[in-house]
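Open the model in your viewer and keep the selection panel at hand. The stops below are meant to be taken in order.

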Amino acid sequence: MRERHAGPRRGRAQDFGSFVAGAAGRLLHTATLLTAEPADGPGANPHARRLLTASLARTFADWERLRGEDPYNHTRQELAARFAREAWRHHRPRGGLLDRLTPQERLVLVLRLYEGVPEEQTAALLGLPEDRVRAVCSRSVATMRGTRNPTARRGPARLLGAAP
């Protein structure tokens, strides 16, 4: 009886392993941008690695139910949702590429510009109006270009809800 179930499980694990082999690098970079950790050196980006591991675990648990759904998109959505829930942990600068941005600004900027998620999908994923996503993205780009005063940081940004 045990042998009858071993085949499908092995195939599932191989399919998932192939997905991870192809997508893990980009997803880790996305997670590193979100957590604003440096990506270089030994033991770099531990928060991003933990975030990605949890997201991949959720994708593996849902693997059979995906049925035609893009596993990369599923994992990216899980990654964004986990980051949004844990954003308070990622507020203080850590020396990463996007550490001048608030967690909400990083999330919107990474989804819109790095991952290429359309504005309406980003808004739906974050539970924000489209015009709010547009404003946050514009403010993030201005900050990264240096046209906005990076020392004029607000308190912890709320990831969901009204504008600060």
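The tour goes from the whole chain to the core, then to single helices, loops and charged pairs.

**Whole chain**

Start with everything selected and coloured by secondary structure. This is a predicted model. The protein has six helices and zero strands, so the order of elements from the N terminus reads α-α-α-α-α-α. Of the 164 residues, 41% count as buried. The exposed area is about 9100 Å², with carbon and sulfur atoms supplying 54% of it. Among contacts between residues at least 6 apart in sequence, 66% join residues at least 24 apart.

**The core**

Select Phe-19, Leu-27 and Leu-107. In the largest nonpolar core, which has 32 residues, these three touch the most other members. Each of H1, H2, H3, H4, H5 and H6 supplies at least two residues of this core. H1 gives the largest share, eight residues.

Keep Phe-19 and show what surrounds its side chain. Which residues is Phe-19 in contact with, leaving aside its neighbours within four places in sequence? The list is Ala-24, Leu-27, Leu-56, Thr-59, Trp-63, Pro-71, Tyr-72 and Thr-75.

**Helix H4**

Select 103-114, which is H4. Measure from the first C-alpha to the last in the viewer: H4 has 12 residues and reaches 15 Å, close to the 16 Å expected at 1.5 Å a residue. H4 is mostly covered, with nine of its 12 residues buried. The buried residues are Pro-103, Gln-104, Glu-105, Arg-106, Leu-107, Val-108, Leu-109, Val-110 and Leu-111. Leu-107 has already appeared as one of the core residues that touch the most other members. Move on to Gly-116, just after H4, where phi is positive at about 70 degrees.

**Helix H5**

Select residues 119-126, which form H5. Its buried residues are Glu-119, Thr-122, Ala-123 and Leu-126. They lie on the same side of H5, because they cover an arc of only 100 degrees around the axis. An α-helix has 3.6 residues a turn, so residues three or four places apart point the same way. Add H4 and H6 to the view: the buried residues of H5 pack against both. Gly-127 follows H5 and has a positive phi, near 70 degrees.

**Two loops with a positive phi**

Most residues other than glycine have a negative phi. The next two selections depart from that.

Go to Ala-36, in the loop between helix H1 (2-35) and helix H2 (46-66). The phi of Ala-36 is positive, near 60 degrees. Is this residue buried or exposed? Ala-36 counts as buried, because its relative accessibility is 1%, and the cut-off for buried is under 20%.

Then select Arg-67, in the loop between H2 and helix H3 (71-85). Arg-67 is not a glycine, yet its phi is positive at about 35 degrees. At 74% relative accessibility, Arg-67 counts as exposed, the cut-off there being over 50%.

**Charged pairs**

Show the side chains of the charged residues. Side chains of opposite charge can pair when their charged atoms come close. The count comes to nine salt bridges; the selections below include some of them.

- Arg-50 and Glu-86: the closest N and O atoms are 3.9 Å apart. This pair links distant parts of the chain, with Arg-50 in helix H2 and Glu-86 in the loop between H3 and H4, 36 residues apart. Arg-50 is partly exposed, with a relative accessible area of 39%.
- Arg-134 and Glu-119: the closest N and O atoms of this salt bridge are 2.7 Å apart. Arg-134 is in helix H6 (residues 130-145) and Glu-119 in H5, 15 residues apart. Arg-134 counts as partly exposed at 41% relative accessibility, whereas Glu-119 counts as buried at 14%.
- Arg-85 and Glu-78: the closest N and O atoms of this salt bridge are 3.8 Å apart. Arg-85 is exposed, with a relative accessible area of 54%, whereas Glu-78 counts as buried at 15%.

For the last stop, select Arg-26, Arg-76 and Glu-115 together. These residues are linked in a network of salt bridges.

Conventions
Residues numbered from 1 in each chain as written. Predicted model: local features only at pLDDT ≥ 70, side-chain atom pairs only at ≥ 80, totals over all residues. Heavy atoms only, no water. Helix = DSSP H or I, 4+ residues; strand = E, 2+ residues; numbered from the N terminus. Buried < 20%, exposed > 50% of the residue type's maximum accessible area, 1.4 Å probe, protein only. Contact = heavy atoms within 4.5 Å. Areas by Shrake-Rupley, 256 points an atom, 1.4 Å probe, with all protein chains shown as cover. Salt bridge = Lys/Arg side-chain N within 4 Å of Asp/Glu carboxyl O. Core = buried A, V, L, I, M, F, W, Y, C linked by side-chain atoms within 4.5 Å. Expected span 1.5 Å × (residues − 1). Arc of directions from axis to C-beta.
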